[in-house]
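Colleague: Could you talk me through this one, and tell me why each label is used? I'd like the cut-offs as well as the words.

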Amino acid sequence: MKLTCPVCFRHCQLAPNQLGFCGARKNSNQEIICDNYGRITAMALDDIEKKPLRLFFPGSKILSVGSYGCNLRCAFCQNYDISMQTLTNKDTIYLSPNALLEEAIKQKAFGNIGAAFTYNEPLISYEYVLDCAKLLKKNDLQVVVVTNGCISPAVLEVLLPFVDAMNIDLKGFSEDYYKKVGGDFESVKAFIKKAAPKCHIELTTLIVPDENDSVAEIEKEAKWIASLSPDIPLHLTRFFPRYKMLDKEATDIKELLALATVARKHLNQVFLGNC
């Protein structure tokens, strides 16, 4: 019998042993499970600013961990070698929540403040994030999530009490652009609205030439963010050729500066990235 995965807007209908679109959730014995639970593909002690988070414990370090799989299909994905993979064709190590906690505590000697779930889309395996987050919070460590935000409100509701900060990737500000990246515009807006009052959030928009770089779109985006709070930080980041967009030029820095000026008419904290 097919089951419906409830984690994101796709609502994948999964037959027995079938993986969802994300490559990480599965119908196993008539239960939707997180097939990548604890399966880690990357781990590093990063500067918090790399998440990017500029106004959350600036100058600190955070233990970043990632798995595999994603529910979007961005042609410019920076981590496509893990985000577009499944367990069958990706090397992983198993890291239990307790083992992650031990590593995070060990890394405190090097300035670590907690753990960041990042690199792929971490919330497709929200069960693992939740189990880890509960342990981290009990040990006075910070929990950070870097996400595309195209996740169901029910998942966010469960996680929010245990999350200190998020960077949410706001790909652009139109339904058409979200269709191009395989996401859902209304889902991410609802996610941001719900998260903003409950934890520290910063937003990131990668500016891709001739895709989401119009002045009108950035103005509209900045106004919408400001309607939630003009103090929400927005990162406008420079695109470089990657994955399926190797034929595109990098974002012109002058154009990025001009778009930042537009956004700053409405927002108090606008940062440039990848420059």
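Modeller: Sure. Start with helix α7 (residues 215–228) and helix α8 (residues 253–263), which pack at an angle of about 35 degrees with their axes 9 Å apart. This is a predicted model, where local features need pLDDT of at least 70 and side-chain atom pairs count only at pLDDT 80 or more, while totals for chains, interfaces and linings use all residues. Residues are numbered from 1 along each chain as its sequence is written, and side-chain values use heavy atoms, with hydrogens and water left out.

Colleague: What makes a stretch a helix here, and what is an axis?

Modeller: Helices are DSSP runs of H or I with at least four residues, strands are E runs of at least two, and both are numbered from the N terminus. An axis is a line fitted to C-alpha atoms, for helices over the stretch in contact, and the angle runs from 0 to 180 degrees between N-to-C directions. By that DSSP count, the protein chain has 8 helices and 14 strands.

Colleague: Which way does α7 pass α8, and what decides the handedness?

Modeller: The crossing is right-handed. That means the near helix is turned clockwise from the far one by less than a right angle; anticlockwise would make it left-handed.

Colleague: Which residues make that contact?

Modeller: Val215, Ile218, Glu219 and Ala222 come from α7, and Leu259, Val262 and Ala263 from α8. Contact means heavy atoms within 4.5 Å.

Colleague: How many of them are nonpolar, and what counts as nonpolar?

Modeller: There are 6 nonpolar, no polar and 1 charged. Ala, Val, Leu, Ile, Met, Phe, Trp, Tyr, Cys and Pro count as nonpolar, Asp, Glu, Lys and Arg as charged, and the others, Gly among them, as polar. Glu219 is therefore the charged one.

Colleague: Moving to single residues, why is Ser83 called buried?

Modeller: Buried means under 20% relative accessible area, exposed means over 50%, and partly exposed is in between (1.4 Å probe, protein chains only). Ser83 has 3% relative accessibility, so it counts as buried. It sits in helix α1 (residues 80–83) and touches Gly69, Cys70, Cys77 and Asn120, leaving aside residues up to four places away in sequence.

Colleague: And Lys171: why does that lysine count as buried?

Modeller: Its relative accessibility is 9%, so it falls under the cut-off and is buried. Lys171 is in the loop between β11 and α5. Among the residues it touches, not counting those up to four places away in sequence, are Tyr177, Tyr178, Asn148 and Thr205.

Colleague: What makes Asp140 exposed, and what is unusual about its backbone?

Modeller: At 69% relative accessibility, Asp140 is over the cut-off, so it counts as exposed. Its phi is positive, about 60 degrees, although it is not a glycine. You'll find Asp140 in the loop between α3 (126–138) and β10.

Colleague: Why are His11 and Arg10 put in the middle class?

Modeller: His11 has a relative accessible area of 43% and is therefore partly exposed; Arg10, at 27%, is partly exposed too. Arg10 lies in the loop between β1 (3–4) and β2 (13–14), and His11 lies in the loop between β1 and β2 as well. His11 has a positive phi of about 50 degrees without being a glycine. Arg10 touches Phe21, Asn71 and Gly182, not counting residues up to four places away in sequence.

Colleague: Where is the cis peptide bond?

Modeller: It joins Lys51 and Pro52, with omega about -10 degrees. Pro52 is in the loop between β6 (42–47) and β7 (61–66).

Colleague: Which residues of helix α6 are buried, and what covers them?

Modeller: In α6 (residues 185–195), they are Phe185, Ser187, Val188, Lys189, Phe191, Ile192 and Ala195. Their cover includes β10 (142–147), α4 (153–159), β11 (165–169), α5 (175–181), β12 (200–207) and α7. Over the protein chain, 53% of the 275 residues are buried.

Colleague: Last one: why does the chain's radius of gyration agree with a compact globule?

Modeller: The radius is taken over C-alpha atoms, and the globule rule is 2.2 Å times the number of residues to the power 0.38. For 275 residues that gives near 19 Å, and the protein chain has 18 Å, so the two agree. Its C-alpha atoms fill a box of roughly 50 × 45 × 35 Å along the principal axes.
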